[in-house]
Amino acid sequence: MSEQRSAYEPYSEPFAEDGRETESAKSDVVRAWDLPTRLFKWSLVALIITAWVSSSFNDPNMTVHKATGYGVLVLVVYRILWGLFGSSTARFSGFVRSPAAAWTYLKALRRNSAERYLGHNPAGGLMVVGLLVACGVQVLLGMFSSDGVTASGPFAEQVGDTVSNWAASIHSAWFYLAILTLVGLHIVANFYYQFVKRENLIGAMITGRKRREAYVDYKEARGGSLAVAAVCLLIASGLVYGAVTLFGGSFFSSI
């Protein structure tokens, strides 16, 4: 039994102190994902799509594209904070494992002998980290980018034309080579679990519930305060705004 599971086990028992079975234990589903985690996921999906589509808008200053980029960065910072203070299945300590553990899990999955996880499995955990890093890099590149005509990121003028043009080229390529690749793998993995393994991962990220089974990480997710989530979001927004203004950037600058 993992250390994380032991830490949460007392809060996951299906019986109340007086011995009566709790309402959760009577159900055939258990809580898997808290509301803030689910809102984060679908908000990030919406912002990535908006950023992609808006890059081809007839908008010389790319105002919509920049706004969605800032939104993505706020969500990335928020998810890092929520990975420290969120519910049991949202915390990095509950799902981040080594590449070796992920490879072992994938080999077991191929043999149809992989253990079931209420939260992210070892491979899925690395996917989450990879997507956060990829999105963070994408936005940071955009902040130093310039198209040399009208649109530029908040720090483009500070680094000069050569660096800003280089950043713009990498910014474009990174989206297709890193972000879309990871998103594609994520979608394929979800469809695999949905239709081959018969695990409704997509539905679980909508409802926050999974079927009650013998999961190896947690019996049921615990924690996930909305008040704490709101504080994390405010801190993330403040950090992004503060970082841009502190270093002399202009949020919607143009050449």
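The following exchange explains the terms used for this predicted model and how its values meet them.

Me: What should be known about the numbering and the model?
Reply: Residues are numbered from 1 along each chain as its sequence is written. This is a predicted model, in which local features need pLDDT of at least 70, side-chain atom pairs count only at pLDDT 80 or more, and totals for chains, interfaces and linings use all residues, while side-chain values use heavy atoms and leave out hydrogens and water.

Me: How many helices and strands does the chain have, and what makes a run of residues one of these?
Reply: Helices are DSSP runs of H or I with at least four residues, and strands are runs of E with at least two, numbered from the N terminus. By this rule the chain has ten helices and two strands, in the order α-α-β-α-α-α-α-α-α-α-β-α from the N terminus.

Me: What share of the chain counts as buried, and what makes a residue buried?
Reply: A residue is buried if its relative accessible area is under 20% with a 1.4 Å probe, protein chains only. Of the 255 residues of the chain, 40% count as buried.

Me: Why is a set of residues called a nonpolar core?
Reply: The name applies to buried Ala, Val, Leu, Ile, Met, Phe, Trp, Tyr and Cys residues joined through side-chain atoms within 4.5 Å. The largest such core has 31 residues, of which Leu 44, Tyr 78, Cys 135 and Met 143 touch the most other members. Its largest share, ten residues, comes from α4. A second, separate core of eight residues includes Trp 33 and Tyr 218.

Me: Which residues does Leu 44 touch, not counting those up to four places away in sequence?
Reply: Contact means heavy atoms within 4.5 Å. Leu 44 touches Val 72, Leu 75 and Cys 135 on that count.

Me: What makes a space a pocket, and what is the volume of the largest one?
Reply: On a 1 Å grid over the protein atoms alone, a pocket is an open set of points where a 1.4 Å probe fits, with protein on both sides within 12 Å along at least five of seven lines; lining residues have an atom within 4 Å of a point. A volume is the space filled by probe spheres set on the points, which are joined across faces, edges and corners. The largest pocket has a volume of about 1,300 Å³ and is lined by 47 residues, with Lys 41 and His 186 among those nearest its centre. The largest share of this lining, twelve residues, comes from α8.

Notes
Buried < 20%, exposed > 50% of the residue type's maximum accessible area, 1.4 Å probe, protein only.
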